Amino acid sequence: MSEYVSAAELFGENVFNDKVMQEKLPKKVYKELHKTIDDGKELDPMIAEVVAGAMKEWAIEKGATHYTHWFQPLTGFTAEKHDAFITAPSKDGSVQMEFSGKELIKGEPDASSFPSGGLRATFEARGYTAWDCTSPAFVRQDEGGAILCIPTAFCSYTGEALDQKTPLLRSMEAIQTQTLRLLRLMGNTTSKKVKPSVGVEQEYFIVDREKYLKRKDLIFTGRTLFGAMPPKGQELDDHYFGVIRPRIASFMRDVNEELWKLGVSAKTQHNEVAPAQHELAPIYAECNVAADHNQIIMETLKRVAEEHGLQCLLHEKPFAGVNGSGKHNNWSLTTDDGINLLDPGKTPHENIQFLLILTCILRAVDRHADLLRESAADVGNDHRLGANEAPPAIISVFLGEQLEDVLAQLISTGEATHSIKGGTLHTGVKTLPDFAKDATDRNRTSPFAFTGNKFEFRMVGSRDSVAECNVVINTIVAEAFSDACDVLEAADDVQMAVHDLIKQYASEHQRIVFNGNGYSQEWVEEAERRGLPNIKSMVEAIPALVTDKAIALFGKFGVFTEAELRSRVEIQYEGYAKALNIEARAMIDIASKHIIPAVLRFNRNLSDTVNTMKEAGVEVHVPLEMLRQSSRLLAAAKTSLTKLEEVTDKAAKMQPGQEQANYYYEVVAKAMEELRVPVDQLEMIVDKEEWPMPSYGDLLFEV
């Protein structure tokens with residue numbers, strides 16, 4: 001067993017956090033830097049120069065030889081270019097270690113080689129990374145040595161956002177402005193800052209790396225394109241919260257230690273529902289920091305897994321037939337003086353400020369359900385949303401019995417006079433304590449669920465940056481607050497106007513509230529009657545970004561320009577097509593070079609067996625029937641393979657855009673499913689020793 005590690009001593013040791021800044025920076029510089037971090041004051045270049053020097057010395061003490069601007073382009077991954085601290089050698093051959101304020105503030109990666117949706121031409125290469133001083137720099141220590149990582153935004157030479165962080169920071173400013181405006185109208189004169197607070201639960205699969213390397217589909221696409229279900233899946237519910245296997249526990253321990261060093265407050269770990277599936281959740285952080293930390297979590301999971309001879313799979317649906325993986329984005333609003341604006345208190349019916357904020361959020365979700373759905377749109381999520389482990393593709397809000405009852409009172413009588421109490425839970429066992437229970441149960445089928453003092457957006461894909469969904473949540477809620485403030489500021493009697501507005505929003509947007517079973521067909525039919533959108537795929541979701549409504553929304557708050565929105569639409573259509581093309585080509589390659597030759601060998605051996613048994617005068621019915629069945633399925637597989645080759649070639653020749661993406665979704669994806677059916681049936685017939693790749697059983701249960 002490895003030696004005991006103190007999480008408290010380890011936590012943040014590789015982060016240039018506030019404690020380090022107080023130690024390393026002159027008091028005046030520290031205070032001026034905090035004016036930028038806390039109040040949004042423009043950063044003085046001289047302050048940046050002093051900070052850069054202190055940051056360099058601290059990083060070198062940690063063993064750092066290089067620094068990098070760590071940013072999040074629209075590839076779905078993070079990006080970095082490493083520069084050494086060393087200067088040009090002097091005449092005597094020695095070098096100095098330098099890092100200037102200019103180098104801290106600004107970097108210049110090539111912008112033409114990242115997805116830009118037409119915002120940048122190939123010959124227009126210049127792009128800029130800009131230091132986000134609100135997210136702490138950190139030193140990452142791995143096989144490449146120690147690297148000082150500086151979280152940055154990434155934009156083009158002409159100022160357009162080419163990343164996830166820039167619009168997120170813009171949306172955070174928008175919601176802070178509108179929330180403070182609303183709080184002032186409600187009599188709050190003390191709160192000076194409001195930040196979206198986010199906690200992200202991360203699901204993932206862990207498989208043996210040696211087996212992973214024998215699955216070309218996992219290597220190329222992140223998911224299994226073929227695979228028959230093993231005799232056992234998740235039907236016994238024995239993996240969920242079960243005892244963590246020693247090999248996985250060792251991996252989790254090292255993940256925690258690495259994350260704690262980087263200031264990521266990894267809190268919860270457990271087995272998830274599917275075999276080989278797990279979850280990690282940190283403590284809440286400010287929105288942009290939480291988004292950065294989630295990227296660090298995903299990178300750490302993958303890196304540490306390899307060190308343990310394992311492979312971390314972050315695809316939303318790596319295995320058909322068992323639960324896929326997502327992220328649960330827990331979102332709330334908190335003030336600088338410690339108020340959670342989504343805390344209903346013990347008597348929600350009397351908490352007028354909470355009821356106004358709540359009904360504004362209902363309005364935001366109802367008005368922009370299509371944008372919320374689009375924010376969780378992902379190629380892998382098309383395989384997951386609507387299945388039994390994920391919310392349906394229909395956006396709705398779960399409030400629970402207590403708040404639903406309060407709203408019902410408001411709608412029917414104009415005022416709420418009481419709130420349902422939680423009561424006491426009696427177990428019926430004398431040695432177990434009775435305790436107070438919540439006033440409301442949870443609903444895991446809801447995509448946007450109120451869970452006590454926050455909203456949990458459960459639709460996000462496991463690989464995706466949570467920046468995208470939080471940009472949407474922040475902006476649509478900012479709009480709802482802004483509209484409410486417009487009404488209240490024009491009112492003669494603000495208190496009465498608040499009362500009327502709560503009732504109006506509760507009544508007008510009641511259709512978005514649903515507390516029942518989101519998996520049921522009855523809900524699909526009911527949602528249609530209510531007029532709620534049911535957007536089933538990524539390609540159907542993308543157009544929501546460029547509706548007149550969306551362009552006006554994001555433009556009003558300066559979160560996206562119309563050009564930035566249209567560029568993201570182009571990027572998403574192209575990304576979808578490229579992902580499906582890779583999957584289709586991988587299926588063609590695997591079926592042609594591995595599966596069909598394996599089946600032919602199996603059939604030849606069967607044929608030899610039949611002939612040998614005939615010569616011996618033995619009954620050949622069983623091997624002959626197996627040969628016939630295998631041959632029928634092989635013929636079906638070859639026919640489906642030929643069709644997939646034809647439609648994939650046709651799709652690849654189409655112009656990038658909506659039409660091509662739709663063709664991949666409607667034609668190529670269906671052809672892929674057609675090929676998979678006979679191949680998976682063949683796997684159940686062909687000798688395991690002959691089958692060219694590890695099975696689901698091997699991957700899911702032999703970890």
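Colleague: How many cavities of 30 Å³ or more does the count come to?

Modeller: This is a predicted model, and the count covers spaces where a 1.4 Å probe fits but cannot get out. The largest cavity has a volume of about 50 Å³, and the second largest holds about 40 Å³ of space. With the threshold set at 30 Å³ or more, the count comes to two cavities.

Colleague: Which element gives the largest share of the lining of the largest cavity?

Modeller: The lining of the largest cavity includes V198, G199 and V200, together with others such as P282, H293 and I297. Two elements give two or more residues to this lining, namely β7 (194-208) and α10 (287-307). By class, the lining divides into seven nonpolar, three polar and no charged residues. The largest share, four residues, comes from α10.

Colleague: How many charged residues are in the lining of the second largest cavity?

Modeller: The second largest cavity is lined by N14, R140, Q141, E258, K261, L262 and R303. The elements that give two or more residues to this lining are β5 (138-142) and α9 (246-261). Sorted by class, the lining has one nonpolar residue and two polar ones, while the number of charged residues is four.

Colleague: Why is strand β1 largely enclosed by the rest of the structure?

Modeller: Strand β1 spans residues 64-70, and a residue is taken as buried when its relative accessible area is under 20%. The strand is largely enclosed because, of its seven residues, the number that are buried is five.

Colleague: Which residue in β2 is the bridge partner of Y67?

Modeller: Strand β1 pairs with strand β6 (residues 145-156) in the parallel sense over six bridges, and in that pairing H66 has I147 of β6 as its bridge partner. With strand β2 (residues 82-84), β1 pairs in the antiparallel sense over three bridges. In β2, the bridge partner of Y67 is D83.

Colleague: Which helix gives the most to the largest nonpolar core?

Modeller: The largest nonpolar core has 134 residues, and those that touch the most other members are L399, F457, F554 and L644. The helix that gives the most to this core, with 17 residues, spans residues 562-615 and is α19.

Colleague: How many residues are in the other core, which lies apart from the largest one?

Modeller: In the largest core, F457 is one of the residues that touch the most other members, and, leaving aside neighbours within four places in sequence, the contacts of F457 include L372, I395, F448 and I473. Apart from the largest core lies another, with L218, A274, A305 and C312 among its members, and its number of residues is 40.

Notes:
Residues are numbered from 1 along each chain as its sequence is written. This is a predicted model: local features need pLDDT of at least 70, side-chain atom pairs count only at pLDDT 80 or more; totals for chains, interfaces and linings use all residues. Side-chain values use heavy atoms; hydrogens and water are left out. On a 1 Å grid over the protein atoms alone, a cavity is a set of points where a 1.4 Å probe fits but cannot get out, and a pocket is an open set with protein on both sides within 12 Å along at least five of seven lines; lining residues have an atom within 4 Å of a point. Grid points are joined across faces, edges and corners, and a volume is the space filled by probe spheres set on the points. Ala, Val, Leu, Ile, Met, Phe, Trp, Tyr, Cys and Pro count as nonpolar, Asp, Glu, Lys and Arg as charged, and the others, Gly among them, as polar. Buried means under 20% relative accessible area, exposed over 50%, partly exposed in between (1.4 Å probe, protein chains only). Two strands pair if DSSP finds at least two bridges between them. A nonpolar core is a set of buried Ala, Val, Leu, Ile, Met, Phe, Trp, Tyr and Cys residues joined through side-chain atoms within 4.5 Å. Contact means heavy atoms within 4.5 Å.
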